[in-house]
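Here are a few exercises to work through with the coordinates open. Try each task before you read its solution.

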2 protein chains.
Amino acid sequence: MEPAVAVGKILVVDDEADILEIISYNLKSAGYETVTAKDGLEAIQKAKIFRPDLIMLDIMMPNKNGIDTCRELRRLPEFKDTMVLFLTALNDEKSEIEGLNMGADDYIAKPIKPRLLVSRINALFRRLNKSEEQQIQLGDLIIDREKFTVTYKGDEIILAKKEFELLQLLASKPGRVFLRNEILNQVWGTEVIVGDRTIDVHIRKIRQKLGVDLITTVKGVGYKFEL
Amino acid sequence: MEPAVAVGKILVVDDEADILEIISYNLKSAGYETVTAKDGLEAIQKAKIFRPDLIMLDIMMPNKNGIDTCRELRRLPEFKDTMVLFLTALNDEKSEIEGLNMGADDYIAKPIKPRLLVSRINALFRRLNKSEEQQIQLGDLIIDREKFTVTYKGDEIILAKKEFELLQLLASKPGRVFLRNEILNQVWGTEVIVGDRTIDVHIRKIRQKLGVDLITTVKGVGYKFEL
DNA sequence: TTAAACACCCAAATTATGTTGATGGAACCA
DNA sequence: TGGTTCCATCAACATAATTTGGGTGTTTAA
C-alpha cells in the first residue's frame, strides 16, 4: 500500500551513478521525493535548495567525504534537525559507532538491499512524523491535542477541558453526526451519568467562544461539525 | 561522562540472563535507567508500571515472543509511541524487514556489540527528545543540564533539585501540555506517591524564582511551558 | 397547533488550583 | 558532633474556575 502523496524528501548522495539510480528508484516507488548528488560539495548546495528531511550520505566520495559533509551540515542551523543516514561499504563496528556518534540517525552497510533500505527509512520517517505536533486542521480552525489549544483564524481560544474534548470529538470526523449517547460515552465515559442538558450547555459554550457556528444541530439526533 | 539525570528509561527483554546483564550494565553506564524482563508476558506487565521510553525485545522467547509482544503493546494506547527495538539472532533480511514494518524503530542482530548498541540507542533517543543536548535555550531562559543552572536574561537563578527537574521537563517540549500524571512519573518516579498539591507548590516556587510566568496552567489537565 | 427538542441564563455544587505555614529530614559546615 | 540552612512535602484554608441541573422561553416538525 503506497502513500498517495510524497511522505518525505530525501537527498541521496553517492559517487556511483548506478547506486544513485537504484536507491532513487526504490525510494520513489515507496512514495518519497528524491534528489541526488554525486559528492559532498554538490550535496550541500542541493540540500540548501531542496530542504530534504533526510540526507543519505555515502562515506567514501571525492570532493568532501560523507563524514565531513555531515559535520559541515550539522554546523548549519537549518540542517541541525535534518536526519542523516550513512551508507557505506566499510562494514566495521568502529566506523559505525563513529558515524552514529556524529549525529547520524542510521548507518547502513553496502551492498544495498533495496527493500530493507526502504523499511529502515520508513521507520525513521514514521518516528519523525509521530514526534511532530498532532493537530487537526479544519478550515480556519486548528485543534492542537498536544498543546491543548484551539485557534480560529489565528486567535487562540481558551476552552475548558470538557469543551475541548467535546470539540475534538466532533471535529475528529467532520460532517458526521454524533448521537447524544455517543457523545456521553466518549466525553463523559460510561460510568458518569449526566443529564441531557449538560451537552447542550457545553455545545453552547463552544459556539459562544468560537464566535461562529461550526457545530450544527441535527434535531432529535445529535450534533455534527461542519465547515 | 555521565549525565546528571537519567537520559531515558529502557525495558530490556530477553530470556537469557547473561544477555540481560550485559545489556543492562552497558545501558546503565551510558546513563539510562533500565528494567529487565525475561519474557513477553513479564515485559507487558513491567512496561505498564515502568513506562519505558524504549523497549528492547528479543524475538525468540518463551511466553509470547518478541513479535507478538510488540503487536500487543502497539495495540495499547499508552505504548503507541513507545520506541521498540528488536534484538535477535535471526539475521536475515526478510525478518528484519518484517520487524521494521511492524513499527519497530531498529533491528539489531546478535551477537551484541555493546558499544555499537549504545550508539544506536543514543541515536534513537537523540531524535526522541534531544535530551543529550546539555543546554536548552528558550528565549531569555537558558537551562544548562550539565551545570545544573538556570539563567534568565543573564541572571543566574538558583533552583532546587525538584524545581530544576520539573522546569527541565516542561521546557523540554515547549508548548506541549504535561499531564499531572506525566509530571509525577517523570519527576517523582513511579514508586513515590505524593499529594497533588506538591506539584502546585513546586510550580509556584519556580514561577516565584523566575519572576515571570513562563508556565501556563491548563486547568483540569496539567501545565505547559510557554514563551 | 402542539409536543418535543432545543437554547439560554442562573446559581449551586463540585472540582481544581493557589497560598501559607509547619514539619521532618537531608545536606552542609564549622 | 551539633547547629544551621535548605528542601520536599503536606495539611488546611482561600480562591478560582468548571460543571451541572433547573427554570423558562423559543424553535421545529409533524
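**Exercise 1: A salt bridge between chains**

Arg127(B) is partly exposed, with a relative accessible area of 25% (buried is under 20%, exposed over 50%, partly exposed in between, with a 1.4 Å probe and protein chains only). Before going on, note that this is a predicted model in which local features need pLDDT of at least 70 and side-chain atom pairs count only at pLDDT 80 or more, while totals for chains, interfaces and linings use all residues. Residues are numbered from 1 along each chain as its sequence is written, chains are lettered from A and ligands numbered from 1 in the order in which they are written, and side-chain values use heavy atoms, leaving out hydrogens and water.

Task: find which side chain meets that of Arg127(B) in a salt bridge (a side-chain nitrogen of Lys or Arg within 4 Å of a carboxyl oxygen of Asp or Glu).

Solution:
1. The partner is Asp105(A), at 2.5 Å from N to O.
2. Asp105(A) sits in the loop between α4 (93-101) and β5 (106-109) of chain A, and Arg127(B) in helix α5 (residues 114-129) of chain B, so the pair joins two chains. Helices (H or I, at least four residues) and strands (E, at least two) are DSSP runs, numbered from the N terminus.
3. Asp105(A) is buried, at 8% relative accessible area.

**Exercise 2: A second pair and its network**

Task: place the salt bridge of Asp106(B) and Arg120(A), and say which residues are linked with them in a network.

Solution:
1. The closest N and O atoms of Asp106(B) and Arg120(A) are 2.7 Å apart.
2. This pair also crosses between chains, from strand β5 (residues 106-109) of chain B to helix α5 (residues 114-131) of chain A.
3. Asp106(B) counts as buried at 4% relative accessibility, and Arg120(A) counts as buried at 7%.
4. The network of salt bridges links Glu96(A), Asp106(A), Arg120(A), Glu96(B), Asp106(B) and Arg120(B).

**Exercise 3: The overall form of chain A**

Task: decide whether chain A is spread out or compact by the globule rule.

Solution:
1. Chain A has eight helices and twelve strands.
2. Its radius of gyration is 25 Å, well over the 17 Å that the globule rule gives for 227 residues, so chain A is more spread out than a compact globule. The radius is taken over C-alpha atoms, and the rule is 2.2 Å times the number of residues to the power 0.38.
3. Along the principal axes, the C-alpha atoms of chain A fill a box of roughly 70 × 35 × 30 Å.
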